[in-house]
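Here is a short report for a first look at this structure. Keep the sequence and the 3D view at hand while reading.

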Amino acid sequence: MSKHFFTALALASAATVFAQGGGPDHPSVTVHGQVYTPRSILARNMGSTDDQTTQFPPHKIIGNIYYVGTKTLSSFLIVTPQGDILMNSTYERNVPVIQKSVSDLGFKFSDVKILLGNHAHGDHQEGDAAVKQLTGAQVVAMAEDLDALKAIKPGGKEHPVDRVIHDGDSVSLGGTTLVAHLTAGHTPGCTTWTTKVRDGGKDYNVVFHCSYRAGNTISPDAARQFERTFKVVRALPCDVPLGDHGAQYNMQEKYAKLKPGAPNPFIDKANCNLETDIQEAMFKATLAEQSAPKTQ
Ligand SMILES: [Zn+2]
């Protein structure tokens, strides 16, 4: 077993993951010709320790939306004339990496006025207090994730929360509006954000997907949440699918296709539900395995 595997294991947030050793190798599901197991999905999402903390080349995605995250943990910068919105601080130790990406793009980290997150796990929101300290940004949190967020206290720092939102609420700055959709399951307040951008004279719907990965055992409550979530997500208008791990939207492959004059690879309506298909198939297979009669 590789060193990377153990590192990914050590950093994964779900207690079930610890218990299962990086996720079990069953059930396996085949979605659009690819085979997935809980273990392979986790390895794909997290990569190595280095992948989680190494700057990925910051780049424009579309309109006023930029990628400022690491190789496997997404952070997005949404730039407006009245200041900027940052989504996902990721690990606290990544905040300087994000800061560097923002300035590499020619923007100022001190212009970040609002901090959003996809879900209350350390690999996405541990750095909130550090971002707040550096920028004074307003930290926005979905009500259902508050308890989990408050428990994320790197170095004993209180987790800042300035505005509590609910399903369907919106966040606006400088002419950009993001709408928060409660897509619970992975965490109780898992939030999928949507916005519209104009690029090259056309309008596009952008979806910042939360993680929809179910645990290795699914409680009845979580099952109900996921059933609702998959329906909600599939109903969202979408031209540009993004996700809180780059692998959820094939970020690295798309980035490699970015060329002047070429079509924008991030416009990918056909794959808006690819990650949802994978996670829903795994969810159903896990439920089926869970309810199958046990053989002694
Ligand atoms: Zn998570």
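The text below covers one helix, the sheet beside it and a set of paired strands.

This is a predicted model, in which local features need pLDDT of at least 70, side-chain atom pairs count only at pLDDT 80 or more, and totals for chains, interfaces and linings use all residues. Residues are numbered from 1 along each chain as its sequence is written. Helices (H or I, at least four residues) and strands (E, at least two) are DSSP runs, numbered from the N terminus.

**Helix α7**

Helix α7 spans residues 128-135, and threonine 135 lies in it. A residue is buried if 20 or more other C-beta atoms lie within 10 Å of its own, exposed if 12 or fewer, and partly exposed in between; C-beta atoms are placed from the backbone. Threonine 135 has 21 C-beta neighbours inside 10 Å, so it counts as buried. Two residues are in contact if their C-beta atoms, placed from the backbone, lie within 7 Å. Beyond its neighbours within four places in sequence, threonine 135 touches Phe109, Ser110 and Val112. Its C-alpha atom is 7.1 Å from that of lysine 113, 22 residues away along the chain.

Why is α7 largely enclosed by the rest of the structure? Because six of its eight residues are buried. These are Asp128, Ala129, Ala130, Val131, Lys132 and Thr135. They pack against β6 (83-87), α5 (95-104), β7 (112-116), α6 (122-125) and β8 (138-142). Just after α7, glycine 136 takes a positive phi of about 75°.

**The open sheet**

Seven strands form an open sheet with mixed pairing, in the order β3-β4-β5-β6-β7-β8-β9. Two strands pair if DSSP finds at least two bridges between them. At the edges stand β3 (59-62) and β9 (163-165); each has a single partner strand, so one side of each is left without a neighbour in the sheet.

**Paired strands**

The table lists three antiparallel pairs.

| Strands | Bridges | One bridge pair |
|---|---|---|
| β3 and β4 (residues 65-67) | three | isoleucine 62 and isoleucine 65 |
| β10 (residues 170-173) and β11 (residues 176-182) | four | valine 171 and leucine 178 |
| β11 and β12 (residues 191-199) | four | histidine 181 and threonine 192 |

Strand β11 appears in two of these rows, paired with β10 and with β12. Five of the seven residues of β11 are buried, so this strand is largely enclosed by the rest of the structure. The hairpin of β10 and β11 has two residues between the strands, and glycine 174 there takes a positive phi near 50°.
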